[in-house]
Amino acid sequence: MPLDYRPGVTLTAAVTLSVGKVLDRALQSSEDSPQRLAAELLARCALLAPDFIPLHLATLDLPTGSAAYGAVAELRRFSLIDPRDGVLAIHRIVQDVIRAMLDGDAVEVMQGRFQFELVTRLVKCQKQQAWAEAAVLIEHAVHVAHNVRGSGNGDGNTVALLANVAGAIMNVHGDLLRSEGLLREALDIVERAGDGVVDDPVYRRAATMTTLAQCLLNQSRFEEAAEAARTGWTLLEGMEVLNGEGLEHLLLAHESDMRAAVAQDRYADIARASTRLEAVLRREDVEPAIALRTRLQQAQVLVWIQNWDDAALVIDQARAEAPTDAEANTELRFLDATIRASTGRLEEALAITAEIPEPDERTAMTIVRHHADHMVEAPHAVMVGSLNRHEKGLATEAWMLQAAESMIDRAEALLRAHTEAGPEVLAPVFQRRAVLAMTRYLVGHSDGDSKRVRALMHEALGLFEAAGLGHVALATTARRYLKLGELDTQEKGSEYLGVIAPPIVPLPPSGDAGTYRISEFPWLDAVTLAQAVPPEARLLYSLVGATAYHLGGQAAPSPAFLSLAFAAALRSLGLDGQLLPATLRVTRGDGSLLDLPKWRLPPMVTEDGEVLGHVAVWCEEAGRLVDPALLLGQSRFGPDTAEHAIFRAPTVLPVPGLDALLGCSPATHREGHLLAYEFRPDWEGQLGKVIAHVNGSAVADFAQVLSASATLAASTDLQA
């Protein structure tokens with residue numbers, strides 16, 4: 001019977017008996033026997049993440065081949081491991097039992113070996129873009145690093161492991177918040193370590209800061225990214241000697257500083273960062289592949305600021321410095337096409353893009369998104385070139401803009417197939433579709449339609465704002481266009497698209513209504529939000545948009561009332577919604593808290609009937625956490641304040657399972673503010689008392705309104 005399990009014996013006791021048998025057999029066997037090797041392999045599995053353990057990690061410093069397979073067979077006899085598809089799995093209880101038996105010094109030594117091995121392999125994966133292997137290593141790297149840190153033995157290798165696994169997570173999963181958390185853990189080790197604990201602490205801090213700058217850039221947190229990049233390159237420039245890895249981090253720090261300056265329109269800082277980059281490239285012996293990447297960053301910046309002549313020169317320079325690598329480089333070809341298209345050489349540009357292959361299914365998520373970004377920007381360059389031709393009295397043939405549209409279509413398909421494809425991912429695609437429609441209209445093509453331009457621009461702006469990215473450049477462009485057109489988006493957009501908005505039902509009072517009413521959320525925005533997400537999340541986002549719409553113009557209900565209605569509406573739509581009591585802290589860029597103290601209290605009802613506390617909703621089928629009550633923050637801040645924009649749409653966070661929420665503090669950024677959650681299952685009793693106080697009939701009525709509107713939003717065809 002597996003695990004020697006008998007009636008009356010607990011699982012832990014059964015595991016202990018089985019492990020004891022394995023150890024007894026090992027002690028009675030020769031040193032190179034399968035039994036002895038099995039005990040060693042079991043000890044290593046106990047120190048790694050429990051699932052998808054590669055055999056090369058389980059047998060680190062042990063014999064491989066047939067000897068390793070014999071050890072696996074020995075452990076399988078006692079059901080202590082589960083070999084499957086070339087990897088191993090071990091139950092967490094088995095791990096706990098084994099770790100309790102291991103000698104502390106032996107554990108420390110083995111964790112040190114794992115740290116070194118994982119860092120080495122992750123660096124190799126990064127250089128070779130072996131993302132499938134990196135994906136297997138990620139959870140083991142995080143597990144080992146946290147175990148080492150938890151035992152008080154964090155050192156320079158722990159810092160390197162945290163930094164490298166954060167980079168792998170950025171590339172493979174695109175989980176920027178998790179990456180940022182790991183990088184800040186690494187920096188905390190450096191800051192707290194005593195003398196001699198972290199080897200070369202200046203370099204470790206500089207390299208980690210450089211990776212953090214890239215992570216912050218990808219979150220559109222440009223000021224923080226610039227600060228991190230400056231810290232990184234200042235420390236590295238101050239070092240007497242830099243090896244190849246140090247030079248790569250120095251160039252990355254300067255590149256990040258330059259990209260942050262572009263995002264903030266700081267042209268003097270762009271020039272200074274570019275000069276520093278050039279100085280490093282001239283005085284140091286930089287590998288051709290690294291030099292090529294840096295040249296392409298310079299070219300990209302010049303494209304962003306529309307300095308086409310200098311961008312073309314940098315592309316030529318990149319080809320001359322690294323001819324072999326440049327020939328097959330996808331980014332160089334996209335940039336070359338963008339430059340040619342922007343200067344009116346449309347046929348040449350389209351010929352280049354037609355030969356660029358799309359990434360395969362095993363490509364890392366960040367690489368896919370980067371490729372898709374180029375697939376969207378190259379058509380935009382075709383549009384710019386078309387307008388330049390039009391101004392000179394030259395015609396742009398219809399097939400050219402059709403080719404541009406085809407590229408945008410392929411980019412959207414790529415994003416939907418390989419990413420979460422939420423509003424923050426698809427908003428730039430919709431914005432570029434709007435520009436394409438405008439280009440067709442301006443150059444006089446028969447399919448040009450000014451109404452469609454406004455409708456698409458409105459969709460794009462709605463997606464940016466729903467993602468908390470209303471401050472980025474493309475969103476600002478969309479907002480200015482709509483303002484110049486004096487478009488009443490609710491009426492004209494709906495009239496054009498045939499969208500009929502459902503009536504808004506007044507809400508009964510259910511708590512402290514705040515000072516201000518909730519801002520109106522156009523029905524067209526709710527429909528757009530539903531259409532811009534993957535099919536499996538469409539009902540959920542339809543409900544998110546419907547909730548924002550129906551709260552518009554009303555006094556704020558209590559968080560408990562709103563979350564109860566949202567969860568009930570989910571159930572009406574065939575989805576499961578679980579209420580989670582939580583605290584929410586909203587922090588400004590300077591570290592100060594927004595004045596929302598009632599959202600940091602346990603659920604309760606005061607003597608005068610006010611409902612306090614904060615409640616979120618977890619939707620298992622969609623794998624997402626939703627905070628509809630975030631909308632209620634609008635009642636605390638005036639419509640014209642910067643803080644008001646933070647609360648324009650609910651938070652939606654991808655969460656693989658409920659266990660992932662407990663014991664952690666998920667966070668996200670909105671309009672330069674950090675929103676940090678802490679979930680409190682120990683408050684479920686207090687939440688139950690609040691639920692009993694809330695008007696259940698009113699909740700049911702509002703839930704019915706929300707579910708009906710969500711169904712309408714999900715079924716509306718914007719293209720009809």
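Modeller: Before we start, a polar contact is a pair of N or O atoms within 3.5 Å, one able to donate a hydrogen and the other to accept it. And keep in mind that this is a predicted model.

Biologist: Okay, what makes the pair formed by Asn695 and Ser697 at the start of α29 a polar contact?

Modeller: A side-chain oxygen of Asn695 comes to within 3.1 Å of the backbone nitrogen of Ser697. The cut-off is 3.5 Å, so this pair counts as a polar contact.

Biologist: How do you know whether His249 is buried or exposed?

Modeller: Its relative accessible area is 15%, and buried means under 20%, so His249 is buried. This residue sits in helix α12 (residues 244-263). Leaving aside neighbours within four places in sequence, His249 touches Tyr203, Ala207, Thr210, Thr211 and Leu236.

Biologist: Back to α29: how does its span compare with the expected one?

Modeller: Helix α29 (residues 696-715) has 20 residues and reaches 29 Å from first C-alpha to last, close to the 28 Å expected.

Biologist: And which helices do the buried residues of α29 pack against?

Modeller: They pack against α25 (523-531), α26 (538-551) and α27 (559-572). Among the buried ones are Val699, Phe702 and Leu706.

Biologist: Where is confidence lowest, and where highest?

Modeller: Helix α24 (residues 489-497) is lowest, at a mean pLDDT of 40, while helix α11 (residues 222-237) is highest, at 95. Over residues 486-498 the pLDDT is below 50. Where pLDDT is low, the predicted coordinates should not be read in detail.

Note on methods
Residues numbered from 1 in each chain as written. Predicted model: local features only at pLDDT ≥ 70, side-chain atom pairs only at ≥ 80, totals over all residues. Heavy atoms only, no water. pLDDT = per-residue confidence, 0-100. Helix = DSSP H or I, 4+ residues; strand = E, 2+ residues; numbered from the N terminus. Contact = heavy atoms within 4.5 Å. Buried < 20%, exposed > 50% of the residue type's maximum accessible area, 1.4 Å probe, protein only. Expected span 1.5 Å × (residues − 1).
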